[in-house]
Structure formats: structure tokens, C-alpha cells
Amino acid sequence: MQGPIGVFDSGYGGLTILRELVKQLPQYDYLYLGDNARAPYGTRSFDTVYHYTIECVKHLFSKGCHLVILACNTASAKALRNIQQLDLPHIAPDRRVLGVIRPTTEVIGTFTDTQHIGIFATAGTVLSESYLVEIKKFFPGIHVVQEACPMWVPLIENGEFDSNGADYFVKKHVEHLLAQSPYIDAILLGCTHYPLLIKKIRQFLPASIRIINQAEIVAHSLTDYLQRHPELEAKCSKNGERTFYTTDSTEAFDRQSAVFFGQEVKSLHQDLGCPIK
């Protein structure tokens, strides 16, 4: 039986990925689940992020999804490997879970001439070193530096991403990143929230430094993946429908989602039955 493509995030950020998926692959049905009640994931332990993520993946499977995208860098960094290697073979060997880190690292070398790249990310993603490990596999000669930006997600989710108050925190982390290498010519926004800060980031970056759009990369990668796996593609329903679930308030989710998704959203509440830690 066919089902929608599942898109999971700890909150709102994954909507920037979904927005690009819908733009490039509008024919498919998508089911988005935001675990807003337990967000943010960026400061959680590896075990906690894993348990939250596998629970949400199982829920998306129960809704008929044969393919789930972890549209969250933290979940991709802390949970994806265990889910793919330890869980899927036992609970759903015919289903697939993909992340956003691998597609990005497969092509990131094409964005730099100096072979020096910077990454802005959550503390969890930085500590996981997932980007460093994956980039080394594909582009061992590239020098990568990272900067954790713990205040950026709260600023964005509180609607302060375009305010003067955000300047201090954006300027601070831009300066910290650039101080690590004078040769950086491309920067990856390693959190799906961060595209909302692009104007602010650009304000404090030299014009010569390129900002990498992760959402476009992920959408291109999914297009290629579905072409290479026709047996899975055939299981994805194609009615152009989008369904949104949140584990927290639907009113708050709908109000915030318009900023990330670019259009109005009408969500449904999903109680996963787990305590908030």
C-alpha cells in the first residue's frame, strides 16, 4: 500500500527542508511531524535524541510512511546511524530512513575553491563531529571548522531572527568561526532553522564567502535517491497532499510554521505518550 513521505524534525526547522522538497517534488504526499513538545534537541544527550527520534520514526511508519527523512541535523547526527543499522533490520527492513548530513557532505567540496569550509550548527551537531567524519570520507583534503550557536534557535523560535537584538549573537559566532581560519570561502548552515538568519549572517560576512543552501541539496539528493530506488518510489503516494502534526500546541505550531514553510499551515496534535524530560 502506498503512503506519504515522512518528514521529521524536533520542531519547525525541518519545514525549510519540506518547503524545498515540495518545490522540487510537488507530486508526492508528505506527512510532517514536529516534536515541538520536546524541542530543542540540540542540547539533549545522544541517548535522549535517539529515543525521541526512533519513537517519532515508528509513529511515521504507523501512518503508512515507507520513507522517512530526518530533516533535523541533530537527529541525523545523533540517531540516524543507530536507526539504520540496529533498528530497521528488525522493525522495518523494507522501509528507509534518510538524513540531511550525508547528502550535504557528498557534494560540499564543490562549493569551495580554497578547500576551507565553515559550519554553523547546534552544540549537539558540533559535538557529534558527524560533519567532520562524513566530509573526510568524500573530501579528505578539505579543512573544516565548526561553531556552535546555542542562542540562534531560541532567537528564531521567539521571532527575533530579524531584530536588532539578534545582531550581537550572530556577529559573535560569525567572528568566532572566521577567526578559526582566514581561508574560509563557504559556510554551511548546519541547522535547518538557520536559513531564517541568512540576512543577518550575510550582514557580518565578507561578500566573497558563499552560504550553502542545505535544503536544495537535500531535495536534489532525494530526487536522485527515488530514481535509483524505483521499488521504494512506487510505494510513495502522489496526490500532492501535505499533512502536518505537532506534539505541542497546534495554534503555536501553525503561527510559527508560516515563517518556516512560507505558507499557512493547519496542523493536527499528536500525543506520543512520552513524558517530557
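Trainee: In this predicted model, where is Gly42 found?
Mentor: UniProt, in an unreviewed entry, lists Gly42 under "binding site". In the predicted model, strand 2 comes before this residue and helix 2 (46-62) after it. Gly42 is therefore placed in the loop between strand 2 and helix 2.

Trainee: Is Gly42 buried or exposed?
Mentor: The limit for a buried residue is a relative accessible area under 20%. Gly42 has a relative accessibility of 12%, and therefore counts as buried.

Trainee: Which residues is Gly42 in contact with, leaving aside its neighbours within four places in sequence?
Mentor: One partner, Thr74, lies in helix 3 and is itself buried, at 4% relative accessible area. With sequence neighbours within four places left aside, Thr74 in turn is in contact with Gly42, and also with Tyr41, Val49, Ala79, Thr122 and Thr125. On the same basis, the contacts of Gly42 are Thr74, Lys78, Thr122, Ala123 and Gly124.

Trainee: Which residues does UniProt list for "binding site", and why do they gather at one spot?
Mentor: The unreviewed record names Asp9, Ser10, Tyr41, Gly42, Asn73, Thr74, Thr192 and His193. These span 185 residues in sequence, yet they gather at one spot, because the separation of any two of their C-alpha atoms is never more than 12.3 Å.

Trainee: Where does UniProt place the feature "active site", and no two of the C-alpha atoms are more than what distance apart?
Mentor: The unreviewed entry assigns this feature to Cys72 and Cys191. They span 120 residues in sequence but gather at one spot, since no two of their C-alpha atoms are more than 7.0 Å apart.

Trainee: Is Cys72 buried or exposed, and which residues does Cys72 touch?
Mentor: Cys72 belongs to the loop between strand 3 (67-70) and helix 3 (73-78). Its relative accessibility is 4%, so Cys72 counts as buried. Not counting residues up to four places away in sequence, Cys72 touches Phe8, Asp9, Ser10 and Val100.

Trainee: Is Cys191 buried or exposed, and with which residues is Cys191 in contact?
Mentor: The loop between strand 7 (186-189) and helix 10 (198-204) holds Cys191. With 8% relative accessibility, Cys191 counts as buried. Apart from neighbours within four places in sequence, its contacts are Asn73, Phe120, Thr122 and Val153.

Trainee: How many of the residues of strand 1 are buried?
Mentor: On one side of strand 1, Ile5, Val7 and Asp9 are buried, and on the other side Gly6 and Phe8 are buried, so both faces are covered. Strand 1 (residues 5-9) is largely enclosed by the rest of the structure, because its buried residues number 5 of the 5.

Trainee: In what order do the strands of the 6-stranded open sheet lie?
Mentor: Strand 1 is joined to strand 2 (residues 30-34) by 5 bridges, the two running parallel, and Phe8 stands opposite Leu33. Strand 1 also pairs with strand 3 in the parallel sense over 4 bridges, with Leu67 as the bridge partner of Ile5. The pairing in this open sheet is parallel, and the order is 4-3-1-2-9-10.

Trainee: Which are the edge strands of that sheet?
Mentor: The order of the sheet is 4-3-1-2-9-10. Each edge strand pairs on one side only, and these are strand 4 (96-98) and strand 10 (268-269).

Trainee: At roughly what angle do the axes of helix 1 and helix 13 cross?
Mentor: The contact involves Leu15, Thr16, Leu18, Arg19 and Val22 of helix 1, with Phe253, Ser257, Val259, Phe260 and Phe261 on helix 13. Helix 1 passes helix 13 in a right-handed crossing. The axes of helix 1 (residues 14-24) and helix 13 (residues 250-261) come within 8 Å, and they cross at roughly 55 degrees, which makes the pair oblique.

Trainee: In the open sheet of 4 strands, what is the strand order?
Mentor: Strand 5 (residues 116-121) pairs with strand 6 in the parallel sense over 6 bridges, and Val144 in strand 6 is the bridge partner of Ile117. Helix 7 (residues 130-138) lies across strand 5, strand 6 and strand 7, at about 165 degrees to strand 6. The sheet has parallel pairing and the order 6-5-7-8.

How values were computed:
Residues numbered from 1 in each chain as written. Predicted model: local features only at pLDDT ≥ 70, side-chain atom pairs only at ≥ 80, totals over all residues. Heavy atoms only, no water. UniProt positions renumbered as here; feature names shortened; annotations may be inferred. Buried < 20%, exposed > 50% of the residue type's maximum accessible area, 1.4 Å probe, protein only. Contact = heavy atoms within 4.5 Å. Pairing = 2+ DSSP bridges. Axes fitted to C-alpha atoms, helices over the stretch in contact; angles between N-to-C directions. Parallel < 35°, antiparallel > 145°, perpendicular 65-115°, else oblique. Left-handed = near helix turned anticlockwise from the far one by under 90°.
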